[in-house]
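Trainee: I am new to this structure. Please take one part and walk me through it closely.

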Amino acid sequence: FPSLRPLTRAWVLYLAGVGPAPLDLDRAIDHLGEASLRAMVELLRAVGQSGATLIVIQRAHHATDWDLRQLCQLSRELREVSVAMYLTVDDEEGKPHFEDRPGWTRLQGVDLAVEIGPLGPAAGRVLIDQVLDRDHALPPADADALVEHSGGMPLFLEEVLDALAEAGLLVSGPDTGAWQLASDGIPSGFPDSLEDLLIARIDPMPDALADALRKASVAGPIIWRELLQDLGHPPAETSLAELERQGFLARTFEDPLEGHEGYRFVHDGVRRAIYDEVPADQAARLHARVARWLALHAGDRIHRWLGAIAWHHAAAGDVKRATSFHLQSARWARSRGELGEADEQLARGRIHAQDRDQAHVLLLELAEVRLAMGQVELAREVLRGFTERDRAALDMASTLRLHMLATRAAIARGELAAADRSAASGLQVAERLDDPWRAAVLRAMLATVRLEQGRPKDALEHASAAHRAWGELEDRGGRLAGGLLVGRAM
């Protein structure tokens, strides 16, 4: 993000929990301009897509109304990937506090996991106020003790609050509604990690309920009643209702599968912590069954679930199927203009690909997507992955595709000699394949390159040939482009 000052970028990364605290934090905040804030929105969007995160936008009074609207929209989008965002502004004493703004939904809980760095006491108190739905919900000493016990990890902090409340150790006064710890500080022996706290909650559960929770964690963020039954848990309806009552799950109507009741983990970080306790061989078998169930029941919405099916196949150890589904998911995303999602699916498929031909297809598609995104250097890096041995193993259609991609990348970088060589080689392959449309595209590329090289005669020859070919193919757009090139070359 070129428009984002380095110091501001460091501040954003710090708030998102993926970077150290900048040395000059106050100056970075005080000098935010509109361009920087817009870039910040895009950066936060990218950070949010990488996993579950808590993002605190401090001192939001520096933002314009436009920026706040963008952040409101961003908060709604990022809810789908377990991100909670809070806006704070300075009060009269210069202390940050949460402020409701028009269009900004006051969150009643926290959808996040522990990727964020530790919260300090002030930020921890903001989070506690949100969870308990009350300003200054706890006396500062109690709040700071809880933040310290949780290590400043937001998800652990919320689980600590829930556990203390369930045990009757965190109570609200009947008259004022103010919260307070029933004992003098945190009880001795209270779990000191998220994992230990979850185990402490699961251990007393009936075996059937704990089995349902573990199987649901393997299914992913969403579990359906019928899927849980298919995974070998007959009392699915009763178990899901009880897990909802205990605060592990909540009914969801997002991305519904027709005729199936869905539940979402309230916190994906909790799901992952429970998942880590499932034996690897059992998890692999369950992943395979989930993949088959989704493929069978997704119906007309299967494209929405291709990436999830791929993930389950990979976790089950079936990397060939995983790669195939990642490729299908990427093509679907690309057809909808969702290039970022396509890039991610292709990159994941590339990790799993073991078949050489499949790996080549993924590399070619990944290079195409990155060129379409304007990421020329990243596309070139992918194309460099083709060794001479790989090139020799390609069929002619893939070889042609590789030449066309290399030509586009070279033109984008202004490397005219390289572009000329790639286009000329590709043209020979296109003619051998009797592919007149791609031959015309390559001639148009050659015409463009040779005009830049100061070779108008050669450019005119290729432009005219491309114009004729597109005319014979009745490609109106191609004819127009070819006619313009002919005009430039004359």
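Mentor: Here is a close look at one helix pair, followed by a residue that touches its end. The model is predicted: local features need pLDDT of at least 70, side-chain atom pairs count only at pLDDT 80 or more, and totals for chains, interfaces and linings use all residues. Residues are numbered from 1 along each chain as its sequence is written, and side-chain values use heavy atoms, with hydrogens and water left out.

Take helix H21 (residues 416-432) and helix H22 (residues 436-452). Helices are DSSP runs of H or I, at least four residues, numbered from the N terminus. The axes of H21 and H22 come within 9 Å and cross at roughly 155 degrees. Axes are lines fitted to C-alpha atoms over the stretch in contact, with angles from 0 to 180 degrees between N-to-C directions. H21 is therefore roughly antiparallel to H22 (an angle over 145 degrees).

Now the residues. Contact means heavy atoms within 4.5 Å. H21 brings Leu416, Ala419, Asp420, Ala423, Ala424, Gly426, Leu427, Ala430 and Glu431. They meet Arg438, Ala439, Leu442, Arg443, Leu446, Val449, Arg450 and Glu452 in H22. By type, 10 are nonpolar, one is polar and six are charged. Here Ala, Val, Leu, Ile, Met, Phe, Trp, Tyr, Cys and Pro count as nonpolar, Asp, Glu, Lys and Arg as charged, and the others, Gly among them, as polar.

Glu452 has another partner. Arg488, in helix H24 (residues 476-489), is in contact with Leu451 and Glu452, leaving aside its neighbours within four places in sequence. Arg488 and Leu451 are 37 residues apart along the chain, yet their C-alpha atoms are separated by 8.2 Å.

Notes:
Helix = DSSP H or I, 4+ residues; strand = E, 2+ residues; numbered from the N terminus. Parallel < 35°, antiparallel > 145°, perpendicular 65-115°, else oblique.
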